[in-house]
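Colleague: Please give me a close look at the empty space in this model, and tell me how the parts around it are arranged.

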Amino acid sequence: MKSLAEKLVPPAVEKLIPYQSARRIARQTGNTGHLWLNANELESCCQYGDVSEGKNAHYNRYPDFLPHDIAADYQAYCEYQSNIVFSSNLETIAVRGADEAIDLLVRTFCQPGNDQILVCPPTYGMYEFCADAFSVNTAVVPLLDNFQLDLAAIETKLDKTSLVFLCSPNNPTGNVLHQQDLLTLLEASKDKSLVVVDEAYIEFAPHTSVVGLMAEYPHLIVIRTLSKAFGLAAIRVGFMLADSSVMTYVSRLIAPYPIADPSAEIAQKALSPAGIQQMEQQTKSLIEVRDWFSAEISELAIVEKVYASSTNFVLVRFNTQSSMYDYLISQGIVARSPANESSVKGCVRITIGSKASMVETLNALKKCA
Ligand SMILES: Cc1ncc(COP(=O)(O)O)c(C=O)c1O
């Protein structure tokens with residue numbers, strides 16, 4: 001029987017033969033040798049490329065075409081985080097940030113001018129952006145007033161939808177989607193749409209991860225990143241977790257050398273037991289600062305509501321006539337006003353920084369109150 005991924009994949013991707021980079025051929029054929037003259041690299045390394053303390057002290061060679069070490073380390077981290085053992089058909093790949101995973105999925109499973117994705121705003125803008133950039137239609141089903149899924153409305157659109165993009169915990173609202181709703185959607189979409197859950201902020205609410213559901217729902221894809229709780233936005237490393245039936249097509253489109261060696265080396269350190277422990281401690285401290293800041297600003301007369309957050313930011317609704325985003329800018333504090341969604345109009349999304357940064361922000365808001 002055909003998998004859902006096989007049913008959805010456009011003909012062009014179905015017959016695509018992956019680009020045969022030198023590293024890919026070497027890995028697939030298992031060919032090894034003592035002279036590597038297959039990739040037009042320099043055999044000697046330049047001084048400026050000899051700066052790494054990592055295992056690859058030189059940068060004259062192309063990286064692995066799919067960096068298996070960090071993918072394996074990330075998989076082990078997910079198993080530890082969700083206290084599960086991955087089934088053998090579940091695969092993990094490293095990508096250049098969660099954003100690349102979103103783009104890859106749209107390009108793998110949607111035919112321009114023909115297929116559609118579905119999003120539930122207010123949510124992360126890249127899903128719709130990637131679809132727009134690839135001439136793929138976007139069906140929009142706004143979140144309900146409590147920022148949860150409008151399941152009835154989503155279900156009416158599944159027949160025509162290739163990919164449903166969900167974000168939990170959600171950006172910019174900060175809340176986690178109800179697990180029961182996700183289960184209902186996974187049941188309803190089984191033979192229709194692939195369901196992508198973007199867990200970029202999962203370290204701030206690890207017990208809510210849907211990774212444990214992947215064995216039962218092979219059409220569930222999870223996106224992760226090292227840019228948030230791990231504090232490594234600059235190295236551009238994210239991950240995609242999916243069933244092999246999905247990954248077989250995604251890996252046809254992936255760039256020949258997706259992760260630069262320096263990034264892979266830093267990612268590997270972050271995913272070591274010591275790195276994970278450090279991340280967990282940082283996350284705990286950040287949550288303390290977030291909850292303190294939320295409680296403090298809730299008391300201000302200018303604040304109508306601070307939405308409960310399971311992330312490293314808070315969404316704040318002010319009751320002022322003038323823009324609080326502009327006011328904060330005038331104080332040298334750059335926050336974010338969420339895109340033009342009616343349900344979050346006038347709200348400001350404030351990233352949680354150090355305690356000192358949040359004290360300064362609180363004082364600036366107090367001045368205005
Ligand atoms: C929900 C969500 N997904 C993905 C990303 C992008 O992650 P990355 O830096 O790994 O591309 C962000 C960044 O803000 C985000 O908020």
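Modeller: Happy to, with the residue classes first: Ala, Val, Leu, Ile, Met, Phe, Trp, Tyr, Cys and Pro count as nonpolar, Asp, Glu, Lys and Arg as charged, and the others, Gly among them, as polar. The model is predicted, so local features need pLDDT of at least 70 and side-chain atom pairs pLDDT 80 or more, while totals for chains, interfaces and linings use all residues. Residues are numbered from 1 along each chain as its sequence is written, and side-chain values use heavy atoms, without hydrogens or water.

Let's start with the enclosed space. The structure holds one cavity of 30 Å³ or more (on a 1 Å grid over the protein atoms alone, a set of points where a 1.4 Å probe fits but cannot get out; lining residues have an atom within 4 Å of a point). The largest cavity has about 40 Å³ of space, a volume being what probe spheres set on the points fill, with points joined across faces, edges and corners. Around the largest cavity stand C120, T123, L143, L149, F165, L166, C167, N170 and L177. This lining has seven nonpolar residues, two polar and no charged.

Now to the open space. The largest pocket offers about 630 Å³ (a pocket is an open set with protein on both sides within 12 Å along at least five of seven lines). Its lining comprises 30 residues, of which T123, Y124, G125, N171 and R349 are closest to the centre. T123 therefore turns up in the lining of the largest pocket as well as in that of the largest cavity. Two or more lining residues come from each of α5 (97-109), α6 (126-133) and β10 (347-351) (DSSP runs numbered from the N terminus: helices are H or I with at least four residues, strands E with at least two). With three residues, α6 gives the most to this pocket. By class, the pocket lining divides into 14 nonpolar, eight polar and eight charged residues.

Where does the largest pocket lie? It lies between domain 1 (4-271) and domain 2 (275-368), because both give residues to its lining; these bounds come from an automatic or database domain assignment. The centres of the two domains, taken over C-alpha atoms, are 29 Å apart. Their contact (heavy atoms within 4.5 Å) takes 22 residues from domain 1 and 21 from domain 2.

The pocket strand β10 belongs to an open, antiparallel sheet of three strands, ordered β8-β9-β10 (strands pair if DSSP finds at least two bridges between them). Both β8 (303-306) and β10 are edge strands with a single partner each, so one side of each has no neighbour in the sheet. Strand β9 (residues 313-318) is joined to β10 by five bridges in the antiparallel sense, and F313 has T351 of β10 as its bridge partner.

There is also an open sheet of seven strands, with mixed pairing and the order β1-β7-β6-β5-β4-β2-β3. Its edges are β1 (90-95) and β3 (137-140), each with a single partner strand, so one side of each is without a neighbour in the sheet. Within it, β5 (residues 194-198) and β6 (residues 220-225) pair in the parallel sense over four bridges, and V195 stands opposite L220 in β6.
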